[in-house]
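Work through the exercises below with the structure open. Try each task before you read its solution.

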Amino acid sequence: MNFDYTDKVKAMRERLLAFMDEHIYPNEARFFAEIAANRAAGNAWIPTRIIEELKPKARAAGLWNLFLPRSPRAPEGLSNLEYAPLCEIMGRVPFAAEVFNCSAPDTGNMETFERYASEELKDQWLEPLLRGEIRSAFLMTEPEVASSDATNIQCRIERVGDEYVINGRKWWSSGAGDPRCAVYIVMGKSNPDAPRHSQQSMIIVPANSKGIKVVRPLSVFGYDDAPHGHMEVVLENVRVPAGNLLLGEGRGFEIAQGRLGPGRIHHCMRSIGAAERALELMCQRLNSRIAFGKPVSAQSVWHERIADARCRIEMARLLTLKAAYMMDTVGNKVAKAEIAMIKVVAPNMACDIIDMAIQAHGGGGVSDDFPLAYSYANQRTLRLADGPDEVHRQSIAKLELARHMAIKTEVEMPVTRGS
Ligand SMILES: Cc1cc2nc3c(=O)[nH]c(=O)nc-3n(C[C@H](O)[C@H](O)[C@H](O)COP(=O)(O)OP(=O)(O)OC[C@H]3O[C@@H](n4cnc5c(N)ncnc54)[C@H](O)[C@@H]3O)c2cc1C
């Protein structure tokens with residue numbers, strides 16, 4: 001495996017780092033101040049001006065849609081391995097990815113459109129998404145059932161003539177709070193009597209369809225994540241044309257696998273960026289504060305923690321790059337163990353390092369005077385979103401156990417032959 005950055009990626013990396021220095025870090029406070037002002041004025045769900053101002057600058061700098069995999073509509077798209085170091089840099093600031101049109105869940109949704117939608121649906125929804133004019137949401141999780149097992153999903157998608165009628169209640173629909181969110185990808189059951197993994201389908205639903213009600217925003221450790229948000233959404237007798245069904249009835253799981261692989265690794269890349277920034281802030285703080293007659297950084301306990309943090313970031317980055325390399329070379333299906341591993345490793349690593357950085361900042365660390373508390377809240381959700389740790393560990397363990405059964409058989413075979 002060769003993880004060297006190509007010349008193209010090196011050049012993009014330099015441009016991205018410069019953009020972060022010039023436009024992202026200096027505007028962090030403004031981003032939150034704008035949202036706070038909107039909230040105080042009675043509506044936090046207004047897109048920030050700062051992101052809209054920065055988007056054209058990012059496009060002009062050639063830093064737009066970097067997540068795009070190679071495809072007919074994006075012949076110059078990047079591979080996962082090429083995107084990894086760029087996505088990591090964006091992960092250093094929670095709102096940065098949107099400036100480059102690389103934010104979740106839109107990236108995963110765009111990939112879903114690209115892979116599974118008709119050309120007509122691509123023209124209607126993918127094109128404005130790629131231009132950053134609209135936003136989207138992915139509606140799978142439901143309040144009434146344990147949704148980490150997606151076979152539990154209850155939302156109904158029923159064919160009636162030339163349409164599908166959708167009824168269900170979803171929650172944690174990220175991005176559905178944004179007034180620009182124009183389209184949902186909804187997972188539901190079209191064939192309840194089919195085999196367990198063939199009951200589900202995915203369908204495109206315009207967000208302004210009759211029968212859709214955004215009930216409420218959910219909070220994450222008290223943050224509303226406005227103007228993006230995580231919403232509870234009710235769909236009542238929502239009707240869409242039959243052509244809005246992706247790929248065909250009963251193929252929802254197949255699409256979910258295709259969609260969630262890249263989405264997961266993007267989260268992990270950003271987690272590494274968040275951890276790098278926390279370590280940087282931790283070291284700066286420890287060097288700058290004197291306690292008990294010496295810089296806090298001179299206490300050996302902090303040497304232990306800093307060293308541990310550096311080791312864990314490097315390990316997580318290498319595993320991320322390996323997973324990205326495998327996705328590019330042997331495909332998401334064969335890379336499933338690596339994707340599951342990094343989905344467990346990266347957010348846990350980031351949570352632990354941000355937690356150390358919070359400790360290093362004393363009381364300031366848990367306040368919003370520093371970006372650490374919000375970053376922790378973000379990273380902690382990734383131990384749940386896109387599947388909880390336990391489910392990914394279960395997949396890893398099953399693959400590992402199966403591997404040893406195979407090896408055992410191989411080992412035993414010569415004995416059998418010899419006897
Ligand atoms: C900030 C945030 C954003 C999200 N965005 C979206 C989104 O955009 N779209 C969307 O559809 N969903 C989204 N989700 C939902 C997320 O994907 C689900 O919360 C997750 O899949 C878990 O489902 P659940 O909440 O129903 O938990 P449950 O399925 O009820 O699981 C609860 C707990 O049970 C345990 N558990 C489950 N299975 C096992 C097992 N096999 N072994 C051991 N323990 C197990 C785990 O500890 C798990 O956390 C988001 C969640 C968060 C927090």
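The exercises cover the ligand site and the strands beside it in this predicted model.

**Exercise 1.** Which residues of the shell are closest to the ligand, and how does the shell divide by class?

Solution. Start with the count: 19 residues surround the ligand. The closest are Phe138, Thr141, Ser148, Trp172 and Glu390. Now sort the shell by class. Nine residues are nonpolar, eight are polar and two are charged.

**Exercise 2.** Find the polar atoms of methionine 140, serine 174 and glutamate 390 that lie by the ligand, and give each distance.

Solution. Take the backbone first. A backbone N or O atom of methionine 140 sits 2.9 Å from a ligand oxygen. Then take the side chains. Serine 174 places a polar side-chain atom 2.8 Å from a ligand nitrogen. For glutamate 390, a polar side-chain atom is 2.8 Å from a ligand oxygen. Each distance falls within the 3.5 Å cut-off for a polar contact. Finish with the cover: the protein hides 70% of the 980 Å² of accessible area that the ligand has on its own.

**Exercise 3.** Where does the ligand lie relative to domain 2 and domain 3?

Solution. Begin with the elements. Strand E3 (163–174) and helix H12 (389–418) each supply at least two shell residues. H12 gives the most, with three. Next, move to domains. Domain 2 (135–249) and domain 3 (253–406) both contribute to the shell, so the ligand lies between them.

**Exercise 4.** Trace the strand pairing from E3 through E7 to E6.

Solution. E3 pairs with E7 (residues 230–241) in the antiparallel sense, over nine bridges. Serine 174 has histidine 230 of E7 as its bridge partner. E7 also runs antiparallel to E6 (residues 212–217), with five bridges. There, arginine 216 stands opposite glutamate 232 of E7.

Conventions:
Residues numbered from 1 in each chain as written. Predicted model: local features only at pLDDT ≥ 70, side-chain atom pairs only at ≥ 80, totals over all residues. Heavy atoms only, no water. Near = heavy atom within 4 Å. Polar contact = N/O pair within 3.5 Å; in protein donor to acceptor, adjacent residues only side chain to side chain. Areas by Shrake-Rupley, 256 points an atom, 1.4 Å probe, with all protein chains shown as cover. Helix = DSSP H or I, 4+ residues; strand = E, 2+ residues; numbered from the N terminus. Nonpolar A, V, L, I, M, F, W, Y, C, P; charged D, E, K, R; others polar. Domains from an automatic or database assignment. Pairing = 2+ DSSP bridges.
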